[in-house]
Amino acid sequence: MNELLDPKNDYVFKRIFGSEDNKDVLLAFLNQTFKNAGESLLTEIVLLNPYTDKNTPREKQSILDIHAKTDKGKLINVEMQLFNQYDLEKRTLFYWGKQFSGQLLEGQRYNELKKCVTINIINFSMLPNDQYHNIFHLREDHTNIPLTDDLEIHFMEIPKLNDNNIKMDDGLVRWLLFLRGITKSSWEAFMMHELEPALKKAMSVLEFLSQDEQARQEYEARQKFLRDEASMIEGAREEGLKKGLEEGIKEGIKEGIKEGEAVSKRKIAQNMLALGLDEEIIIKATGLSSSELESIQQNK
């Protein structure tokens, strides 16, 4: 068996979860997600942007998201994020807002808006807790009553799956372990567990893609694109931090000089007062105000 491709690569991810032939795979993953959240399960989904051969590895990540709709009209957006591009919370809200507001055509009523769910699967830790699956809604701070159920955002942080919280009887954990990546040595051990048919199918699709030369070339192209993009973002961030540090040092020096000059003036004024010189002479010599000089006299 060839070395398996990384299913977290968003190109491979969409090949597995975002094609019409594998719609049952996406449905099973979503149902484990909603089951873990204590919500009702789905019976049918419609892919709004299914994978086609026209999808290229160099397309923007938003094109490689998976958009689906339930039989009741609920909209679901699933996105895989390999690298931390920062501001993901705001980015998520921005695209959720576009998805929510984009439902209405001119003349339609607000009550026709359907619930929108965003599911972010991320390959880095972001939230300050140990939970691998976090779900957010709009609720009142004191009473926890919901304002509306129309907003639902999931963050699944793959690195938070560790030996202390892995439970193979948890259906969502099994899917996330699959996405984390399976080595040749762990493949047979993983297959020994009682896996749902859709997860077995996902593993078969991954094995097929890993043996397909064209898919591997497109995978490598996508990996290079993502690495270059992440490198550019990190480089820009480091350059910004460096520039900010340099500016901060300059401002600090300026403030230090100002503070030093002020201390020096007060010291000179104290010495002149001790010599019994006239206050007007001291004010002219130091540039201090009469109130500042008065304060120095009071604090002697």
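In this short talk I will go through a few strands, one helix and two pockets of the structure shown above. Please keep in mind throughout that this is a predicted model.

Let me begin with the strands. Strand S1, residues 45-47, pairs with S2 in the antiparallel sense over 3 bridges, and within that pairing Leu47 stands opposite Ala68 of S2. On its way to S3, the chain makes a hairpin, with 4 residues lying between S2 and S3, and in that turn Gly73 has a positive phi of about 95°. S2 and S3 also run antiparallel, joined by 4 bridges, and one bridge partner that you can locate in S3 is Leu75, which is matched with Lys69.

Which side chains of S2 are buried, and which are not? Along residues 66-70 the side chains alternate, with Ile66, Ala68 and Thr70 pointing to one face and buried, whereas His67 and Lys69 point to the other face and are not buried.

Staying with S3, which spans residues 75-81, I would like to draw your attention to Asn77. This residue has a relative accessibility of 6%, and because the cut-off for buried is under 20%, Asn77 counts as buried. Setting aside neighbours within four places in sequence, Asn77 is in contact with Asp65, Ile66, His67, Gln99, Val117, Thr118 and Ile119.

Now to helix H4, residues 171-180, where 9 of the 10 residues are buried, so the helix is largely enclosed by the rest of the structure. Among the buried residues are Arg174, Trp175 and Phe178. At the start of H4, a side-chain oxygen of Asp170 comes to within 2.9 Å of the backbone nitrogen of Leu172, and after the helix comes Gly181, with a positive phi near 120°.

Finally, the pockets. The largest pocket holds about 190 Å³ of space, and its lining, sorted by class, has 5 charged, 3 polar and 2 nonpolar residues. Including Glu39, Asp71, Lys72, Lys74 and Lys115, the lining also takes in Thr70, which we met earlier as one of the buried residues of S2.

The second largest pocket has a volume of about 160 Å³, and residues lining this pocket include Glu89, Leu93, Phe136, His137, Leu151 and Phe155. Helix H3 (88-101), strand S5 (133-139) and strand S6 (146-157) are the elements that each give two or more residues to that lining. By class, the lining of the second largest pocket has 6 nonpolar, 2 polar and 1 charged residues.

Note on methods: Residues numbered from 1 in each chain as written. Predicted model: local features only at pLDDT ≥ 70, side-chain atom pairs only at ≥ 80, totals over all residues. Heavy atoms only, no water. Buried < 20%, exposed > 50% of the residue type's maximum accessible area, 1.4 Å probe, protein only. Contact = heavy atoms within 4.5 Å. Polar contact = N/O pair within 3.5 Å; in protein donor to acceptor, adjacent residues only side chain to side chain. 1 Å grid on protein atoms, 1.4 Å probe; cavity = no way out; pocket = protein on both sides within 12 Å on 5 of 7 lines; lining within 4 Å. Points joined across faces, edges and corners; volume = space filled by probe spheres on them. Nonpolar A, V, L, I, M, F, W, Y, C, P; charged D, E, K, R; others polar. Pairing = 2+ DSSP bridges.
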